[in-house]
Amino acid sequence: MNNDNQVELKEVRQEVLAKTQILQNLIPPTVSYTTEGNVLVIGPEDLARLAAGKLTNMGKLAILANESITNQDEAHLEKVMATAEDVESFYNKLIEIKGFLGQFQVKVEHESDALAASETSAVDLSMAAIRKAHFDLILDLSHTPCINLEMLPPGYFYVGQDEAKLEEAIAQLPDLIGEFDKPRYVKVNSQICAHNRNGIEGCNRCLNFCPADAIQSINKMIEIDPYLCHGAGSCTNACPTGAISYDLPTPQALHSYLHKLVTRFREQAQTAPVILFHDAANGAALVGEDLPGSVIPVELEEITVASMDHWMSALAWGARQILVLNTDATAPTLTQMLKGEHKLANDILDEMGQPQRISVIDETSIGDLTNLLAVSASWPVIVPGEFAATTKRNTLYAAIDHLNEQAASVDTCLSQSNLPYGMVNVNTDSCTLCLSCVSTCPTQALTDGGDKPALHFVEQDCVQCGLCESACPEKAISLTAQINFDKAERQKRQTLKEEDPFECIRCGTPFATQSMVQRMLEVVGGHSAFSANIERLKMCSDCRVKDMFEDILQDPEKQLR
């Protein structure tokens, strides 16, 4: 492409970006941190004390010496002893650190006179050191971080023994005194969460992918600590039902933004754009004005905020290709998730005969996209789809169906393990239609037959959470993880089992299923309570009671024998 075309495309891109905004909540929900600047410095005592000496403009200070002195030189030790003389050092063994900016709880071992010599108790170091219920900030100079997380809590500075990082942290700490607001990045809709139903554990996907350990299962419900949350978006990406959703922007707002970007660029430039997702920190620094004109950058808090439904819908609305810029600063958990989603997305495209239109690129390739874009320029053009974004799953499937129609229109199934899409299989010989599975299904993929004993299923709504399988008392349910490209088959209501109701042998009222009564006859029919009156198992509850009283009236002493 010649330079004149590049200039024109860049002008179109600039105009489209200027006129297209992500719709945001004007008053977004936030959380507040309050700090007085009280700092705990952890590490070798000599380095910790020298660092404390540079924090004279902070609040109260304390040192937790958890490692040996690094230098025994006399001059060095004299300098250490003369530094921060009013700051007390503690040598207790660290048990744990919990919390965040303004609310750090530090537990250490403490030997008590009341305990045996071999016993210790846990105490709050802040109460002993600074007479406060917590520390506001932590500066960690240890060889390895005292908090082992990929994304560390706000207010915790791990510098190790890197002088440059130490000076940077010391410069930042004074700015963290006062009150601060942070966005509440995500929200949880417990009504459609597949984590737990009726005391049965199901989906744990979000718990497996949070790099900040901000998600917990509390009282069998998923809760996200907004103070620890960094807005990585991995939980919203992993959530199969949309119960956890990003709030800045909302999934619908991001879909709308992508649709407008792609549509407006195509209309003005008469060519399909390439969407480049990047994060707001490291990725943004790598994206400059020299970006090829057909590439539209989309900035996110973290690259995993955009999930596969955003990638696929952008393609279905007419984008030529999706690029996701991953940097070395991305947390390993996020990179792992990204690789998995990337492979699955391209497997889906392969299955339907589309080119592999989604690429994860790194810092070395962002500066030269020529070869990558040259290859995609020869790919078949996608006629834009006219569907609107709704729920996460329905939007993804709408995009997949449109892309499939633009390619081979396959009606096959892509089977892979651990997919949040697929089939529920029922062993009809074992199933008694007790409908325990229906009561636990969080998405209503499984429904009953109303007035007639039946179990119905819609594949498109199934998230493979396993709740139905665990709830089934007969162990009659199994799952098959797959993506079904047959739209009609996937969306239709299938009947997994149905049968006529069993009618009471006395009054004729339907009161159970045929298979359930048969199972009762097999399991409890031989019990002494029913062996002499097995026909009562074939009666409704009212007639069963009547039959018992009639029996007693005919032989009053029977109940005494």
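**A tour of three helix sites**

The crossing of α10 and α13 is left-handed, meaning that the near helix is turned anticlockwise from the far one by less than a right angle. This is a predicted model, in which local features need pLDDT of at least 70, side-chain atom pairs count only at pLDDT 80 or more, and totals for chains, interfaces and linings use all residues. Residues are numbered from 1 along each chain as its sequence is written, and side-chain values use heavy atoms, without hydrogens and water.

Select residues 308–316 (α10) and 392–405 (α13): the helices pack at about 40°, with axes 8 Å apart. Axes are lines fitted to C-alpha atoms over the stretch in contact, and angles run from 0 to 180 degrees between N-to-C directions. Contact (heavy atoms within 4.5 Å) joins residues including Met312 and Leu315 of α10 to residues including Leu396 and Ala399 of α13. By class, this contact has seven nonpolar, three polar and two charged residues.

Next, select residues 3–19 (α1) and 251–269 (α8), which pack at about 145° with axes 10 Å apart. Among the contact residues are Leu9 and Val16 of α1, and Leu261 and Phe265 of α8.

Finally, select α19, residues 541–554. Its 14 residues should span 20 Å at 1.5 Å a residue, and the end C-alpha atoms are indeed 20 Å apart. Its buried residues (under 20% relative accessible area, 1.4 Å probe, protein chains only) are Cys543, Asp547 and Asp551. They lie on the same side of α19 because they cover an arc of only 80° around the axis. The face turned away carries Asp542, Phe549 and Leu553, which are exposed (over 50%).

Methods:
Helix = DSSP H or I, 4+ residues; strand = E, 2+ residues; numbered from the N terminus. Expected span 1.5 Å × (residues − 1). Arc of directions from axis to C-beta. Nonpolar A, V, L, I, M, F, W, Y, C, P; charged D, E, K, R; others polar.
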